[in-house]
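Student: I have a structure open on my screen and would like to learn how to read it. Could you walk me through it feature by feature?

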Amino acid sequence: MTTRISLLRLARRQEQLGQLGDMRTAFTKELVDLEARNLVTLSRAAREAGRAQIALNAIVQAQKLHSDNLELEVSQEFAH
């Protein structure tokens, strides 16, 4: 899971290097959504395994991404 997140983060950062300003392209938005979705999944798995610190770190990273499509899901996981 962490390898997938790292690869998505790398692809997102490379895509953002070629952009002007802070407007997100459709591809960048999709990468952000995928990264956030994976972080939420990681947080849930860590929480269920009793690894509270890992769960918290993952969900805080997901919040920082500002994924419009997953805002509710991220907030709900943070509430747990």
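Tutor: We will go through the core, one helix, a few single residues and the salt bridges. Keep in mind that this is a predicted model.

Student: Let's start inside. Which residues make up the largest nonpolar core?

Tutor: For a core, look for buried nonpolar residues whose side chains join up. Here the largest one has 12 residues: I5, V32, A36, L39, V40, L42, A58, I59, A62, L65, L70 and V74. Two helices, α2 (26-48) and α3 (52-65), each supply at least two of its residues. The largest share, 5 residues, comes from α2.

Student: Now a single helix. What span should α3 have, and what does the model show?

Tutor: Multiply out the rise per residue, then compare the result with the distance between the helix ends. The 14 residues of α3, at 1.5 Å a residue, should span 20 Å, and the end C-alpha atoms are 20 Å apart, which agrees.

Student: Which residues of α3 are buried?

Tutor: Buried means under 20% relative accessible area. In α3 that applies to A55, A58, I59, A62 and L65. Their arc around the axis is only 105 degrees, so they sit on the same side of α3.

Student: What does the face turned away from the buried side carry?

Tutor: That face of α3 carries the exposed residues A52, Q53 and K64.

Student: And which helices do the buried residues of α3 pack against?

Tutor: They pack against α1 (2-17), α2 and α4 (71-79). While you are there, look at the residue just after α3: H66 takes a positive phi of about 55 degrees.

Student: Can we zoom in on A58? Is A58 buried or exposed?

Tutor: For a single residue, read its accessibility and then its contacts. A58 lies in helix α3 and counts as buried, at 3% relative accessibility. Setting aside residues up to four places away in sequence, A58 touches L39, L42 and S43. You can also check a distance: the C-alpha atoms of A58 and A46 are separated by 9.0 Å, with their positions 12 residues apart along the chain.

Student: I'd like to try I5 next. Where is I5, and which residues is I5 in contact with?

Tutor: I5 belongs to helix α1 and counts as buried, at 5% relative accessibility. Leaving out neighbours within four places in sequence, I5 is in contact with E35, N38, L39 and L42. From C-alpha to C-alpha, I5 and E35 are 5.8 Å apart in space, although 30 residues apart in sequence.

Student: What about a polar residue such as T28? Is T28 buried or exposed?

Tutor: T28, in helix α2, is buried, with a relative accessible area of 0%. Residues up to four places away in sequence aside, T28 touches R12, E15, Q16 and Q19.

Student: On to charges. How many salt bridges are there?

Tutor: To find one, look for a side-chain nitrogen of Lys or Arg within 4 Å of a carboxyl oxygen of Asp or Glu. By this rule the count comes to 4. One of them joins the side chains of E35 and R12, at 2.8 Å from N to O. E35 lies in helix α2 and R12 in helix α1, so this pair ties together parts that are 23 residues apart in sequence. Both E35 and R12 are buried.

Student: Which residues are linked with E35 and R12 in a network of salt bridges?

Tutor: R9 is: R9, R12 and E35 form one network of salt bridges.

Student: And how does E77 take part?

Tutor: E77 meets R44 in a salt bridge of 3.5 Å, N to O. That pair links distant parts of the chain, with R44 in helix α2 and E77 in helix α4, 33 residues apart. E77 also meets R47, at 2.9 Å from N to O. R47 lies in helix α2 as well, 30 residues from E77.

Student: How accessible are R44, R47 and E77?

Tutor: R44 counts as partly exposed, at 31% relative accessibility. R47, at 32%, counts as partly exposed too. E77, at 4%, counts as buried.

Conventions:
Residues numbered from 1 in each chain as written. Predicted model: local features only at pLDDT ≥ 70, side-chain atom pairs only at ≥ 80, totals over all residues. Heavy atoms only, no water. Core = buried A, V, L, I, M, F, W, Y, C linked by side-chain atoms within 4.5 Å. Buried < 20%, exposed > 50% of the residue type's maximum accessible area, 1.4 Å probe, protein only. Helix = DSSP H or I, 4+ residues; strand = E, 2+ residues; numbered from the N terminus. Expected span 1.5 Å × (residues − 1). Arc of directions from axis to C-beta. Contact = heavy atoms within 4.5 Å.
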